[in-house]
Amino acid sequence: MSAAPDAVVVGAGPNGLVAANLLADAGWNVLVLEAEDEPGGAVRSDRGVHPDYVSDMFSAFYPLAVASPALAGLGLERWGLTWSHAPAVLANPLPDGRCAVLYRDQERTAANLETFAPGDGEAYLRLLDRWDRLDPDLLHTLLGPFPPVRPAAGLLRRIRAAGGTRLLRSLTLSVRRLGEEEFRGPGAPLLFTGCALHADFFPESFGSGLFGWLLVMLGQRHGWPVPAGGAGQLTAALVRRLRARGGTLRTGTPVARIMVRDGRCLGVRTADGEPLLAARAVLADVPAPALYGGLVGWEHLPSRLREDIRRFHWDHATLKVDWALSRPIPWTSPGAAAGGTVHIADSVDHFTRHSADLATGTLPEHPCAVLGQMTTADPARSPAGTESAWAYAHVPRGIPPAELRGTMADRLEAAVERLAPGFRDTILDRRVLTPTDLEALDRGLVGGALNGGTAAPHQQLFFRPVPGSGRPGTPIDGLFLASSSAHPGGGVHGACGANAARAALRNRWPLPRYPRRARPGRHAPPEPPARPNPSNHVEGTRTWPSDPS
């Protein structure tokens with residue numbers, strides 16, 4: 001019988017693959033199990049809309065990936081990953097023909113915003129200077145393990161030097177208030193608000209200004225690049241790197257249970273009934289509600305956790321439409337044609353009305369949307385002179401799929417048509433993905449939620465995924481939460497997986513040698529493993545595997 005791997009990673013999304021790579025770098029033997037037939041989670045591409053067009057199935061632009069220490073540190077360019085950029089990072093066209101544009105050249109961005117109101121270009125450069133004075137400690141604080149003691153200390157020193165409590169106050173503002181305080185015209189507030197609402201914020205939400213500012217500043221300093229050839233190329237590079245370091249990936253292998261005895265994680269059991277032991281750790285790149293009470297039975301968990309998970313707050317559902325277009329989108333605003341990403345919204349008030357519809361369970365009549373022009377960002381995505389494009393909109397949870405597939409998809413296309421007359425005439429083929437479809441393609445996108453749970457303050461830091469957590473450890477020894485349900489949350493940055501890998505590496509003894517709830521070096525010497533007791537097995541089966549040696 002072959003030796004058990006040191007770690008089993010459940011889920012081959014970006015967090016799971018980052019975790020597996022870091023464990024393999026430390027010399028661990030790693031087995032990754034993916035339920036779907038291909039790896040990547042929400043980082044995949046296909047030719048499902050049209051055979052000549054590459055479409056990103058879920059995520060598409062990756063500012064956090066290029067800026068994140070966890071992903072950038074893997075050197076994926078050595079493993080075949082190439083980044084590609086659109087001429088402009090982001091655009092927000094208006095019905096009157098104007099267009100707010102974020103360019104990678106800060107002076108061009110400032111000049112564009114200056115056309116909306118005198119002084120707005122200089123105000124933008126002041127916010128950029130603020131970012132430069134806080135980076136990189138800000139990113140390390142936001143994305144690193146919790147609590148971020150060392151980077152937070154550096155960040156506080158930078159905050160004191162850059163404005164102290166006045167700067168700290170600005171970081172807590174809603175994105176609406178940030179726009180009102182810093183700018184006179186509508187252009188810059190639209191860019192910041194649209195970025196904030198990539199998460200499930202309202203324009204008036206506490207802290208939404210920080211998230212909007214973060215994405216705009218990342219776009220200015222790093223761009224919002226795409227993997228050349230499709231989102232799946234990012235996943236392919238992670239897989240190639242893992243295999244080169246001796247890791248193993250098995251797709252089409254759903255895990256049914258995580259095996260637990262006496263509070264310790266022993267391994268996993270697949271849906272086919274195959275037991276797979278883990279000598280050191282199991283890392284779960286799955287949503288928290290799928291782990292607690294799902295893969296791990298409630299009998300092994302604290303009673304209060306069941307109530308906490310009942311209160312778990314998902315982020316918004318999502319409707320996505322992919323298009324194969326015969327030519328580029330005929331925008332009325334020329335600036336929109338250069339943007340890899342285009343926000344569809346007339347004003348900050350428009351964003352607020354859409355958010356209010358979501359809060360009240362109303363299907364937006366005039367939706368705000370995020371649109372991707374993928375051939376503009378990467379010419380290899382479709383034949384010359386055409387465009388591979390998509391758009392998504394947040395929608396209320398619980399709307400029937402048929403209504404979304406018909407009414408809402410038509411409203412989304414109408415929103416684009418209003419800013420680009422003739423758009424509908426360019427459509428060769430389209431694919432509509434409702435929240436139900438998204439979950440069917442990637443079971444981690446529960447109800448079409450893209451971020452593993454709300455980004456609102458009540459489910460961040462030590463409230464993520466439940467109050468009193470914040471770290472990747474779980475109530476089960478040797479089991480770690482590695483998904484976006486853990487701190488720091490959604491986005492393709494790999495930090496959740498990296499934090500879980502670091503936590504696993506701190507557990508230096510094989511799992512069966514741990515005393516219950518113990519940590520190495522803190523208690524009595526390790527006890528030898530007890531023989532299995534069928535009454536304690538997670539599935540009560542007589543075919544329990546033998547203890548790992």
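**Exercise 1. A residue in helix H12**

Leaving aside its neighbours within four places in sequence, which residues is threonine 235 in contact with? Find them in this predicted model, and decide whether threonine 235 is buried or exposed.

*Solution.*
- Step 1: Start with the helix. Threonine 235 belongs to H12, which covers residues 232-244.
- Step 2: List the partners. Beyond the neighbours within four places in sequence, threonine 235 is in contact with Leu17, Pro39, Gly40 and Val43.
- Step 3: Check the accessibility. Buried means under 20% relative accessible area. Threonine 235 has 5% relative accessibility, so it counts as buried.

**Exercise 2. Two helices that meet**

At roughly what angle do the axes of helix H5 and helix H11 cross, and which residues make the contact?

*Solution.*
- Step 1: Locate the helices. H5 spans residues 120-134 and H11 spans residues 208-222.
- Step 2: Two packed helices are described by the angle between their axes and the distance between the axes. Here the axes come within 10 Å and cross at roughly 85°.
- Step 3: Name the arrangement. Angles of 65 to 115 degrees count as roughly perpendicular, so H5 is roughly perpendicular to H11.
- Step 4: Pick out the contact residues. H5 brings Tyr124, Leu127, Leu128, Arg130, Trp131, Asp132 and Leu134, while H11 brings Trp213, Leu214, Val216, Met217, Leu218, Gln220 and Arg221.
- Step 5: Sort them by class. The contact of H5 with H11 has 10 nonpolar, 1 polar and 3 charged residues.

**Exercise 3. Looking into the nonpolar cores**

Which residues of the largest nonpolar core touch the most other members, and which helix gives the most to this core?

*Solution.*
- Step 1: Recall a general tendency. In soluble globular proteins, nonpolar side chains tend to be buried together.
- Step 2: Find the central members. The largest nonpolar core has 55 residues, and Tyr124, Phe192 and Trp213 touch the most other members.
- Step 3: Look at the helix. H5 gives the most to this core, with 7 residues.
- Step 4: Follow one member. Not counting residues up to four places away in sequence, tryptophan 213 touches Leu127, Arg130, Trp131, Leu134, Leu138, Leu171 and Phe192.
- Step 5: Look elsewhere too. Another core, of 38 residues, lies apart from the largest one; Leu17, Val30, Ala65 and Leu76 are among its members.

**Exercise 4. A glycine in H11**

Is glycine 219 buried or exposed, and which residues is it in contact with, leaving aside its neighbours within four places in sequence?

*Solution.*
- Step 1: Glycine 219 sits in helix H11.
- Step 2: Its relative accessible area is 0%, so glycine 219 is buried.
- Step 3: With neighbours within four places set aside, glycine 219 is in contact with Val89, Leu102, Arg104 and Trp224.
- Step 4: Compare chain and space. Glycine 219 and leucine 102 are 117 residues apart along the chain, and their C-alpha atoms are separated by 7.5 Å.

**Exercise 5. Reading a sheet**

What is the strand order in the open sheet of 5 strands, and which strands stand at the edges?

*Solution.*
- Step 1: Strands of a sheet pair through backbone hydrogen bonds, either parallel or antiparallel. This open sheet runs E9-E2-E1-E13-E19, with parallel pairing.
- Step 2: E9 (248-250) and E19 (479-481) stand at the edges with a single partner strand each, so one side of each has no neighbour in the sheet.
- Step 3: On average, neighbouring strands are turned by 20° against each other, direction ignored.
- Step 4: Zoom in on one pair. E2 (residues 30-33) and E9 pair in the parallel sense over 3 bridges, and leucine 33 stands opposite arginine 250 in E9.
- Step 5: Add the helices. H1 (residues 14-25) lies across E1, E2 and E13, at about 170° to E2. H19 (residues 495-505) touches E13 and E19, and its direction makes about 160° with that of E19.

**Exercise 6. A covered strand**

How many residues of strand E17 are buried, and which strand do 9 bridges join to E17?

*Solution.*
- Step 1: E17 covers residues 387-395, and 9 of its 9 residues are buried.
- Step 2: In a regular strand the side chains alternate between the two faces of the sheet. In E17, Glu387, Ala389, Ala391, Ala393 and Val395 are on one side, with Ser388, Trp390, Tyr392 and His394 on the other.
- Step 3: E14 (residues 317-325) is joined to E17 by 9 bridges, and the two run antiparallel. Leucine 325 stands opposite glutamate 387.
- Step 4: E16 (residues 369-373) also pairs with E17 in the antiparallel sense, over 4 bridges.

Methods: Residues are numbered from 1 along each chain as its sequence is written. This is a predicted model: local features need pLDDT of at least 70, side-chain atom pairs count only at pLDDT 80 or more; totals for chains, interfaces and linings use all residues. Side-chain values use heavy atoms; hydrogens and water are left out. Axes are lines fitted to C-alpha atoms, for helices over the stretch in contact, and angles run from 0 to 180 degrees between N-to-C directions. Angles under 35 degrees count as roughly parallel, over 145 as roughly antiparallel, 65 to 115 as roughly perpendicular and the rest as oblique. Contact means heavy atoms within 4.5 Å. Ala, Val, Leu, Ile, Met, Phe, Trp, Tyr, Cys and Pro count as nonpolar, Asp, Glu, Lys and Arg as charged, and the others, Gly among them, as polar. Two strands pair if DSSP finds at least two bridges between them. Buried means under 20% relative accessible area, exposed over 50%, partly exposed in between (1.4 Å probe, protein chains only). A nonpolar core is a set of buried Ala, Val, Leu, Ile, Met, Phe, Trp, Tyr and Cys residues joined through side-chain atoms within 4.5 Å.
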